[in-house]
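Biologist: I should like to learn how to read the contacts in a model of this kind. Would you take me through them one feature at a time?

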Amino acid sequence: MKLLVCVKQVPDMESRFKPDSRGVWFSETDLAWRMNEYDEYAVEEAVKLREQLGESCELTVLSIGPDRVGEVIKKALAMGADRAVHVQDLDAAGKDPWQIASIIAGYAKEQSYDIIFTGMQSQDRGSAQVGVLVAELLGFTCATTLVGFAFADGVITAKRELEGGLKGVAKLQIPAVVTCQLGLNIPRYPTLPNIMKAKRKEIAAIPVTELLKEEPLAATTSFHPPAKKGGGVVLEGDVGELVEKVIAILKDKTAVLR
Amino acid sequence: MKTLLIGEYREGRLLESTYELLGFAQALGADSSLFIVAREDQLPAFAGKLYLADAAAAGEYNPDLHRELIFQAVEQEQPDYIVFLHSSYGWDLAPRVAAKLKIAQVSEISAITAGEFEVGCCNAKMRRSVKPATEKAVLTIQAGAFPVLQPGGSPQIRKLTASLSSNLEFVGYEPAEAKDVDLAKAEVIVTAGRGIGKKENVPVIHALAKALGGELGASRPVVDAGWVEHSHQVGTTGQTVSPKLYIACGVSGAIQHLAGMKKSDFIIAINKDKDAPIGEVADVLVVADVMQFVPAMTAKLGR
Ligand SMILES: Cc1cc2nc3c(=O)[nH]c(=O)nc-3n(C[C@H](O)[C@H](O)[C@H](O)COP(=O)(O)OP(=O)(O)OC[C@H]3O[C@@H](n4cnc5c(N)ncnc54)[C@H](O)[C@@H]3O)c2cc1C
Ligand SMILES: Nc1ncnc2c1ncn2[C@@H]1O[C@H](COP(=O)(O)O)[C@@H](O)[C@H]1O
């Protein structure tokens with residue numbers, strides 16, 4: 001069995017975002033980076049399956065981006081992936097989901113993977129498209145938003161999360177792509193010995209130009225903060241004073257403090 | 001301009017959210033026809049053209065077959081835009097349609113400004129304007145962003161059938177977990193978000209809820225991490241609440257959380273990040289460390 005997991009590196013969402021010089025994405029100055037939250041669940045699920053299947057199984061992690069994505073690749077290797085592919089691309093952020101999916105599919109089609117794991121969406125772009133597009137490009141079966149995953153006898157049993165807590169169960173023949181939702185599992189923390197071991201694992205570097213053959217299908221024309229709705233009060237300062245102010249507002253504006 | 005709207009049907013019933021698609025088409029100033037896999041006795045109140053496939057034959061979740069049926073409707077209708085809700089049905093099916101037609105998809109549209117589509121990004125903190133580079137495009141719209149428009153009337157039905165073998169077999173639904181706390185009845189809800197830092201801090205948030213005679217709420221990561229039980233979760237995959245007072249502690253304000261609480265009468269958010277999107281719905285945004293502010297407030301109320 002061959003497994004692939006796709007991980008994206010995204011900024012810490014508590015960062016302050018400012019438009020870049022082209023005004024179509026964020027400027028990268030002063031940002032801290034981490035693994036896309038949804039992809040942590042994807043890596044964990046892939047590693048669990050890798051453990052279930054044992055030595056006959058190989059798990060590859062793939063990430064597209066500049067050198068800094070080496071950090072998320074190393075994390076996935078330390079969590080238990082066997083080898084890695086870094087698709088080197090200085091302008092991954094400028095590519096649309098169709099191009100990103102084409103790059104992944106372009107690499108994967110030579111490799112005959114059985115199962116590909118992705119996150120349900122990326123936190124920064126949030127298109128929720130790449131995983132499904134990869135499946136379409138490769139002709140794989142696909143299910144999205146998994147909160148349950150089991151594999152036995154060549155069949156995946158996928159539990160999809162629907163609205164209002166309802167779930168839908170489907171059986172998928174492999175080869176398949178599954179996109180992982182928050183809460184699918186509890187992602188592990190890499191242990192020190194595994195971090196050391198990961199340093200010896202292979203990271204293949206491939207320039208993006210070798211894999212990308214597609215033009216974008218959509219363009220971002222502007223990146224900006226939301227229009228302020230107004231009305232809300234913003235309170236800052238000393239905690240003691242803040243408490244006084246909030247209690248005064250509660251007495252004035254609500255009926256909960258009599 | 002022509003839109004083909006993809007309605008939704010589940011567990012034998014038409015979903016109300018289908019009417020948000022009509023609200024979107026109106027905002028776009030487009031003519032619309034509707035596609036739906038449903039039962040004939042569950043048709044939407046809409047006087048236009050309705051491409052209908054029978055749910056008994058096509059199944060409620062059968063993306064390969066539904067994609068095929070949508071193609072048939074697209075062939076006949078030649079729409080400029082094929083519009084889905086950004087829901088578990090829509091985000092699953094939309095990219096399949098877009099890929100097969102090799103056209104752009106714009107996901108989770110929350111507004112139309114100057115002919116361009118506005119979508120949220122960076123966990124809803126920022127916005128992007130997006131323009132398809134292809135003549136036709138697939139669009140998904142954010143739940144709750146466009147008005148519900150129920151035009152009434154009966155549709156002109158065009159029946160569609162297709163058969164196809166699929167490597168995906170839908171087994172069935174699993175009901176939501178029973179909830180032991182009915183947050184919908186609470187007058188005050190104090191919610192713990194990931195910003196509280198650790199499980200050990202949950203009682204601090206709970207204490208403020210108790211001091212105000214209310215219940216403890218939780219955001220999804222707090223539930224996923226096992227800090228608080230699922231029955232306390234607020235949001236699209238938890239409960240929808242509208243208390244007199246909602247206090248969000250260390251909650252960023254993702255759209256799926258806002259969907260569950262934005263109708264609260266009065267909203268206070270405590271967040272160390274002044275730009276957190278919860279500020280868009282909050283009546284009061286207190287910029288502070290939640291673990292300093294909350295205990296101080298509880299203490300003050302106790303006096
Ligand atoms: C299909 C789907 C369904 C979903 N359903 C739900 C749902 O039902 N409910 C739900 O809640 N989410 C849901 N989510 C998840 C949602 O998208 C967000 O990931 C989630 O709401 C974020 O939770 P949070 O605000 O607690 O955490 P974060 O987004 O991590 O935010 C933490 C916040 O705390 C602040 N903070 C950090 N430290 C401090 C401090 N010391 N003092 C003060 N503030 C601090 C930060 O500035 C930040 O704003 C769903 C997602 C998907 C894709
Ligand atoms: N640059 C990238 N490198 C590797 N995987 C990616 C990249 N961008 C997106 N993905 C994968 O596609 C998923 C969905 O992303 P998106 O369609 O952007 O919401 C992510 O959770 C990742 O698994």
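**Reading the interface and the ligand sites**

Modeller: Let us begin with a single pair: E136(A) and K100(B) form a salt bridge through their side chains, with an N to O distance of 3.4 Å. Please bear in mind that the model is predicted.

Biologist: How many salt bridges are counted between chain B and chain A?

Modeller: The count is 12 salt bridges between the two chains. Polar contacts between chain B and chain A, with both residues at pLDDT 80 or more, come to 42 residue pairs. On the side of chain B that touches chain A, the residues comprise 34 nonpolar, 15 polar and 27 charged.

Biologist: What area is buried between chain B and chain A?

Modeller: Interface size is often expressed as the accessible area lost when the parts come together. Here about 6,700 Å² is buried between chain B and chain A, and carbon and sulfur atoms give 58% of it. Chain A brings 77 residues to the contact and chain B brings 76.

Biologist: Let us turn to the ligands. Why is the site of ligand 1 described as shared between chains?

Modeller: One asks which chains supply the surrounding residues. Ligand 1 is surrounded by residues from chains A and B, and the site is therefore shared between chains. There are 31 residues around ligand 1, and those that come nearest are S219(B), T237(B), S252(B), Q256(B) and N271(B).

Biologist: Which side chains have an N or O atom at 2.8 Å or 2.7 Å from an oxygen atom of ligand 1?

Modeller: The side chain of H257(B) places an N or O atom 2.8 Å from a ligand 1 oxygen, and that of N271(B) does so at 2.7 Å. A nitrogen atom of ligand 1 lies 3.2 Å from a side-chain N or O atom of D289(B). The protein buries 93% of the 990 Å² that ligand 1 exposes when taken alone. In chain B, α6 (220-224) and α7 (255-261) are the elements that give two or more residues to this shell.

Biologist: How is ligand 2 held in polar contact, and what percentage of its area does the protein bury?

Modeller: One reads the atom pairs, then the area. An oxygen atom of ligand 2 is 2.6 Å from a side-chain N or O atom of S127(A), and a backbone N or O atom of V130(A) is 2.9 Å from a ligand 2 oxygen. A polar backbone atom of I64(A) lies 3.0 Å from a nitrogen atom of ligand 2. Alone, ligand 2 exposes 490 Å², and the protein buries 98% of that.

Note on methods
Residues are numbered from 1 along each chain as its sequence is written. Chains are lettered from A and ligands numbered from 1 in the order in which they are written. This is a predicted model: local features need pLDDT of at least 70, side-chain atom pairs count only at pLDDT 80 or more; totals for chains, interfaces and linings use all residues. Side-chain values use heavy atoms; hydrogens and water are left out. A polar contact is a pair of N or O atoms within 3.5 Å; within protein, one must be able to donate a hydrogen and the other to accept it, and residues adjacent in sequence count only if both atoms are side-chain atoms. Accessible areas come from the Shrake-Rupley method with a 1.4 Å probe; for residues, only the protein chains shown count as cover. Contact means heavy atoms within 4.5 Å. Buried area is the accessible area (1.4 Å probe) that two parts lose on being put together, summed over both. A salt bridge is a side-chain nitrogen of Lys or Arg within 4 Å of a carboxyl oxygen of Asp or Glu. Ala, Val, Leu, Ile, Met, Phe, Trp, Tyr, Cys and Pro count as nonpolar, Asp, Glu, Lys and Arg as charged, and the others, Gly among them, as polar. A residue is near a molecule or strand if one of its heavy atoms lies within 4 Å of it. Helices (H or I, at least four residues) and strands (E, at least two) are DSSP runs, numbered from the N terminus.
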